Amino acid sequence: MDDLLCKALGQLLEDQCKPQLVRAIEGGESPAEFWGLLEESGFADALVGEEQGGAGLALRDVFELLELCGTYAMPVPFAETMVARALLARAGAHPPTGSIALACGTAVDKAGLRCAHVSFGRVADWALIQRPTEWLLLSIADAQAFPTIYPLDATLVWGPSALAAARHVPAALDVQVLQACVTAAKLAGALMSVFNRTLQYANERQQFGRPIGKFQAIQHQLSVLSEHAFAARTAAQIGCQASGCVPEILRVAVAKARTSEAALEVAALAHSIHGAIGFTEEFDLQLFTRRLHEWRQTAGSEGYWQSELGKMLVNLGPGLTLDTVRAASDPD
Amino acid sequence: MSALNSLTLTAIPSEDEALRVPIREFLTQKMKDVPACVRARSWSGCDMNFSRELGRRGWLGLTLPKEYGGGGRSPFARYVLVEELLNWGAPVGSHWVADRQSAPLILKYGTEAQKQFYIPPICRGESFFCIGMSEPNAGSDLANVRTRATKTEQGWLLNGQKIWTTNAHNCHYMIALVRTSGTADDRHRGLSQIIVDLNLPGVTVRPIRDQSGDVHFCEVFFENVQLASDALIGAEGRGWEQVTAELAFERSGPERLYSSIVLFDEWLAFIRSEPGNTPESVRLAGRILAQIAPLRALCIAVTGKLAQGGSPVVEAALVKDLGTAVEQLIPAAIANDLYCRDTQAVPFELLLTLNYVTQVAPCFSLRGGARDILRGMIARGLGLR
Ligand SMILES: Cc1cc2nc3c(=O)[nH]c(=O)nc-3n(C[C@H](O)[C@H](O)[C@H](O)COP(=O)(O)OP(=O)(O)OC[C@H]3O[C@@H](n4cnc5c(N)ncnc54)[C@H](O)[C@@H]3O)c2cc1C
């Protein structure tokens, strides 16, 4: 990864993607101004080929950029937009300006097209939707949006006339795999944020006359927390090991299963170590631990991906597990 | 903190990866008729002839300089070799310690004469070593060792006792951590490492049987054992520092990840068969794979640090703590999976292997440093202590 790129995006987010912004957008404010800053930075086209005006980077080069979206609990689908633009460009379609949410699990009936629980459906400009033989690119402004479980998400319904305006893109790629890959990278970032915040808190919070981080029980909880965070980050990096912009399903399954498993463990340990304050609206920890739970569920929980991974392993036929482990873990 | 942050995905160089082909060819032949419950012994299984054969093929002391009979290869080459040996369940116990840590320790701290004397036979698979750290009252608290070497005119006079010494009953030498000055109250000061020829008069080795019925570790007693002055390895009084460096070699390898892999493969073969396949077992297979793959990547990252000449102590502790957790999860979860069913349909060899691994699993998180000690090391790495 180009270290300079990573530092530049990191600085931008450090300055602009502050907890108050995350809260405001979650609370219903428009993300347009913040998105404008991101658009201006050019990072959204990092994966788009150079001949199409992008930076031409590979998925494996941008892991840390995707991760940063989690590090700052970014309230817009920036990572999703990066990969969606690259895939659209690759499929010969000119990517639109604005942010792109990824959607699957759709149903078409008389009322039109319905996508339930679209991650970032409330704040995105476009939705890239998986259909059996193609993708549809639809403007979210043309959809009816219904609130769903999480504040940044929405259930979206496009009526027949809106559907007629859809851009059809021929593609075979599974949007869920793509979303799982991106979400695993964001989970890695959020896991690291939770880890760093918890470590800092344990050094500051005093009880019984000393920082709670001096108690062996807390030290060991933090060690376990760090183990999960680092193993999950490695898994997420594995998920992004591809020389183009299309991830490999075996690696993505490892990435999403491991990061989702870690999300649960790390969120629980972090809250345990923070005590009551960590559980308040006012304290920033919740911005990240709520994300851990949301993203654990996005594009399939660990159980879903464990089953997928298990099927791949079992269907391979006789031979050492080691060979599958190698295929999943050797860098691209 | 920074130590952990620097763990990045590392590729095994292709010339080292290439080693997998001849090793696998050899192991496919060698291991084809060995039953799973024997292969499951992994690095606890011993076969001197097997070790010699590896030596003849140039697969011992792979990272040691050629001038001492080694292979002159990188730690990545050794990683590939060891990964294959473990996954096939090869009986590597005889030479394991000498190859992994004793020879590198002698190379790092020994005199030229010591290197010339000890390393070539290790590389030929003719000289086996054991680790003399633990004592009855020095387990996790290793600085509490009381075995003492006293300087005499001829060299050193050794008295005391070691325990849990893996393979001492089959070894030629022990590298022991002993007190050469002061008392146990001096803790890390006054400790040194010495090489003890286990055939000397005054040395008594008594094997200890473990709960599975196997015999792999021993008690070793020293009663007025007279050692030459060149028994000392490294500097007098620097034993603690040397042992710490040695433990980085001991803890960082893939043997902290693959101790239950033979059982897993055997179970997977059953899951791949029609009577074995259930949705729950398929999900479990995926759960384990999702744990192992990133740990392997971390393990290779640690190997990369060793290759750069580092001593990745904290990183190795992290990999070992997580790795042994997976090693222990495998028999526990497989038992739950198999005994949900009518076990008449389960191959007997699989149940036998499961029973063996279940019984030895507690030691995975003890040998090489108990779990709490590793977590304490990570906490230190995080700046908490
Ligand atoms: C199969 C096997 C092979 C071995 N081979 C060798 C060998 O070849 N050479 C050798 O020298 N040794 C060997 N050992 C010994 C091994 O290194 C020790 O078992 C290990 O260091 C733990 O020491 P202990 O068994 O005395 O347990 P103890 O140190 O008594 O620990 C008991 C429990 O207390 C916990 N504990 C201890 N101190 C603390 C603390 N400060 N804070 C919190 N918890 C603590 C431990 O985590 C553990 O849970 C082997 C052990 C096994 C099981």
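Is B:N224 buried, exposed or partly exposed? In this predicted model, B:N224 is partly exposed, because its relative accessible area of 48% falls between the two limits of under 20% for buried and over 50% for exposed. The residue sits in strand β7 of chain B, a strand that covers residues 215–228. Its backbone also deserves a look: B:N224 has a phi near 45°, which is a positive value in a residue other than glycine.

A similar backbone feature can be found in chain A. A:H117 is not a glycine, yet it has a positive phi of about 50°. The place of A:H117 is in strand β3, made up of residues 112–118 of chain A.

From these single residues, we can turn to chain A as a whole. Its secondary structure consists of twelve helices and ten strands. The radius of gyration of chain A is 20 Å, close to the 20 Å given by the globule rule for 332 residues, so the chain is as compact as a globular protein of that length. Along the principal axes, the C-alpha atoms of chain A fill a box of roughly 70 × 55 × 40 Å. Of the 332 residues in chain A, 59% are buried. When contacts between residues at least 6 apart in sequence are considered, 73% of those in chain A join residues at least 24 apart. The surface that chain A exposes is about 12600 Å², with 53% of it supplied by carbon and sulfur atoms. Chain A carries 25 positive and 36 negative side chains, and 5 Å separates the centres of the two sets.

A:A190 offers a view of the interior of chain A. This alanine belongs to helix α7, which spans residues 175–204. A:A190 counts as buried because its relative accessibility is 0%. Beyond its neighbours within four places in sequence, A:A190 is in contact with A:G70, A:T71, A:L292 and A:W295. A:M74 lies 116 residues away from A:A190 in sequence, while the C-alpha atoms of the two are 9.9 Å apart in space.

Chain B can be described along the same lines. It has 14 helices and eight strands. A compact globule of 385 residues would have a radius of gyration near 21 Å, and the 21 Å of chain B agrees with this. The box filled by the C-alpha atoms of chain B comes to roughly 70 × 45 × 40 Å along the principal axes. Buried residues account for 59% of the 385 residues in chain B. Among contacts in chain B with a separation of 6 or more, 75% are between residues 24 or more positions apart. Chain B has an accessible surface of about 14900 Å², and carbon and sulfur atoms hold 52% of that area. There are 40 positive and 40 negative charges in chain B, with mean positions 3 Å apart.

How do the two chains meet? The size of an interface is often given as the accessible area lost when the parts come together. Here, chain B and chain A bury about 4200 Å² between them, and 65% of this lies on carbon and sulfur atoms. B:L9, B:R272 and B:L384 supply 18% of the area that chain B buries against chain A, more than any other three residues. In terms of contacts, 47 residues of chain B touch 48 residues of chain A.

Notes. Residues are numbered from 1 along each chain as its sequence is written. Chains are lettered from A and ligands numbered from 1 in the order in which they are written. This is a predicted model: local features need pLDDT of at least 70, side-chain atom pairs count only at pLDDT 80 or more; totals for chains, interfaces and linings use all residues. Side-chain values use heavy atoms; hydrogens and water are left out. Helices (H or I, at least four residues) and strands (E, at least two) are DSSP runs, numbered from the N terminus. The radius of gyration is taken over C-alpha atoms; the globule rule is 2.2 Å times the number of residues to the power 0.38. Buried means under 20% relative accessible area, exposed over 50%, partly exposed in between (1.4 Å probe, protein chains only). Contact means heavy atoms within 4.5 Å. Accessible areas come from the Shrake-Rupley method with a 1.4 Å probe; for residues, only the protein chains shown count as cover. Lys and Arg count as positive and Asp and Glu as negative; His and the chain ends are not counted. The place of a charge is taken as NZ of Lys, CZ of Arg, CG of Asp or CD of Glu. Buried area is the accessible area (1.4 Å probe) that two parts lose on being put together, summed over both.
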